[in-house]
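User: Please take a close look at the salt bridges in this model, and at the surroundings of the residues that form them. Add whatever else helps to place them in the fold.

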Amino acid sequence: MKPEDLCGTPVIQAKVRPGMTVNELVEQYGNTRAYNAGSLWRAVNIYENMLRDKDAVKFFGLAGAMVPGGMGGIVSDLIDRGHIDILVSTGANLTHDTIEAIGCKHYHGTEICDDVLLREEEINRIYDIFLPNDAFIKFESFLQEVFESLEKSQKYSIQDITHLIGEHLNTGILAEAAKKDIPVFCPALQDSMIGLQYWLFNQTRGITVDAFKDMSKLIDRCFAAKKAGAMLVGGGVPKNYIFQSMLMTPNGFDYAVQLTGDRPDLGGLSGATLDEAKSWGKLTGEAKGQTVYGDATINLPLIVAAVLERLED
């Protein structure tokens with residue numbers, strides 16, 4: 001056997017120049033196809049195909065501190081463009097989205113600092129992002145007012161709660177989702193400041209929120225889907241909630257892109273490969289999937305920008 005019989009196509013050395021577009025840069029990644037540059041290029045191709053597929057229901061999983069890191073605007077723009085049909089998020093991202101939407105800000109800080117001093121000054125740190133406690137005071141007042149519109153006679157789902165919050169906002173992920181009637185599921189809403197605020201509100205109200213009520217609506221969408229695709233930013237609860245819902249049907253995801261910094265060899269779901277998901281039937285055997293390892297605040301904007309550029313051609 002000759003060496004060339006075992007080798008693929010040659011690596012083409014990347015070329016960059018002033019004024020390149022994002023997609024032109026990504027195409028250079030496609031020339032190298034090495035390491036995570038090649039993974040990102042393949043992810044762009046899969047995400048483009050997913051968005052072009054009119055039969056595919058488009059899921060988006062949002063985990064990690066993406067809104068404090070400035071990624072919330074990308075997600076709300078994707079909803080506005082019709083590129084998200086179903087959003088599943090952590091409660092923390094929806095909390096920070098609401099904080100931004102009511103006029104509060106996250107601030108640039110540093111990871112090397114005196115955290116005890118920050119505590120004394122009532123400043124909360126998310127790695128190198130700072131958020132003063134004043135934001136949570138305004139957040140609490142806003143949410144308590146929103147929750148007052150809930151009726152004791154009604155049984156609400158968590159998605160009803162996220163929609164209600166979005167209806168009271170003018171900008172951000174929840175506002176855009178409410179405007180476009182895109183469901184926002186948050187299976188671990190209790191694990192967030194929104195959950196804590198609801199718990200405080202409901203101490204004397206007796207209003208029922210049925211955490212299982214969401215599952216029927218979501219699984220019905222999975223049964224009805226001719227095809228499905230998922231963009232997964234991080235892993236955790238949103239990733240599993242999306243995948244397990246499709247697992248209940250005879251179907252599987254046809255497209256999947258996963259952005260994660262976690263390793264697969266530790267056994268956690270956030271680092272689990274998409275090939276592993278095929279063993280469960282979460283993805284079809286023929287599904288196109290790609291994991292891109294690294295910081296999602298770098299990779300998500302690159303992938304989205306490149307695909308938007310392609311869709312405009």
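Analyst: A salt bridge here is a side-chain nitrogen of Lys or Arg within 4 Å of a carboxyl oxygen of Asp or Glu. The model is predicted, and by this rule it has 12 salt bridges.

Lys-179 and Glu-176 form one of them, with their closest N and O atoms 3.6 Å apart. That distance satisfies the rule because the limit is 4 Å. Both residues belong to helix H9 (residues 173-180), and since they are three residues apart, about one helical turn separates them. The two partners sit in unlike surroundings. Lys-179 is exposed, because its relative accessible area of 58% is over 50%. Glu-176 has 13% relative accessibility and therefore counts as buried, the cut-off being under 20%.

Another bridge within a single helix joins the side chains of Glu-48 and Arg-52, at 3.0 Å from N to O. These two residues lie four residues apart in helix H3 (residues 35-52), which is about one turn of the helix. Here the acidic partner, Glu-48, is buried at 14% relative accessibility, whereas Arg-52 is partly exposed at 40%.

A third bridge spans a long stretch of sequence. The side chains of Glu-27 and Arg-310 meet at 2.9 Å, N to O. Glu-27 is in helix H2 (residues 22-32) and Arg-310 in helix H14 (residues 296-312), so the pair links distant parts of the chain, 283 residues apart. For this pair the basic partner is the buried one: Arg-310 has a relative accessible area of 8%, while Glu-27, with 32%, is partly exposed.

The bridge in H3 and the bridge between H2 and H14 are not isolated from each other. Glu-27, Glu-48, Arg-52 and Arg-310 are linked in a network of salt bridges. In general, side chains of opposite charge can pair when their charged atoms come close.

For contrast, consider a helix contact without charged residues. Helix H5 (residues 91-101) packs against helix H7 (residues 133-147) at an angle of about 95°, and their axes are 10 Å apart. H5 is therefore roughly perpendicular to H7, as angles from 65 to 115 degrees are classed that way. On the H5 side the contact is made by Thr-95, Thr-98 and Ile-99, which meet Ala-135, Phe-136, Phe-139 and Phe-142 of H7. By class, this contact has five nonpolar, two polar and no charged residues.

A polar side chain can also be followed towards the C-terminal part of the sequence. Thr-249 lies in the loop between helix H12 (236-247) and strand S10 (253-260). With 9% relative accessibility, Thr-249 is buried. A polar atom of its side chain lies 2.8 Å from the backbone oxygen of Met-246. Beyond its neighbours within four places in sequence, Thr-249 is in contact with Ile-219, Cys-222 and Phe-223.

Helix H11 (residues 213-224) also holds Ser-216, which is partly exposed with a relative accessible area of 49%. That value falls short of the exposed class because exposed means over 50%. Ser-216 and Ser-245 are 29 residues apart in sequence, and their C-alpha atoms are 9.4 Å apart in space.

Notes. Residues numbered from 1 in each chain as written. Predicted model: local features only at pLDDT ≥ 70, side-chain atom pairs only at ≥ 80, totals over all residues. Heavy atoms only, no water. Buried < 20%, exposed > 50% of the residue type's maximum accessible area, 1.4 Å probe, protein only. Axes fitted to C-alpha atoms, helices over the stretch in contact; angles between N-to-C directions. Parallel < 35°, antiparallel > 145°, perpendicular 65-115°, else oblique. Contact = heavy atoms within 4.5 Å. Nonpolar A, V, L, I, M, F, W, Y, C, P; charged D, E, K, R; others polar. Polar contact = N/O pair within 3.5 Å; in protein donor to acceptor, adjacent residues only side chain to side chain.
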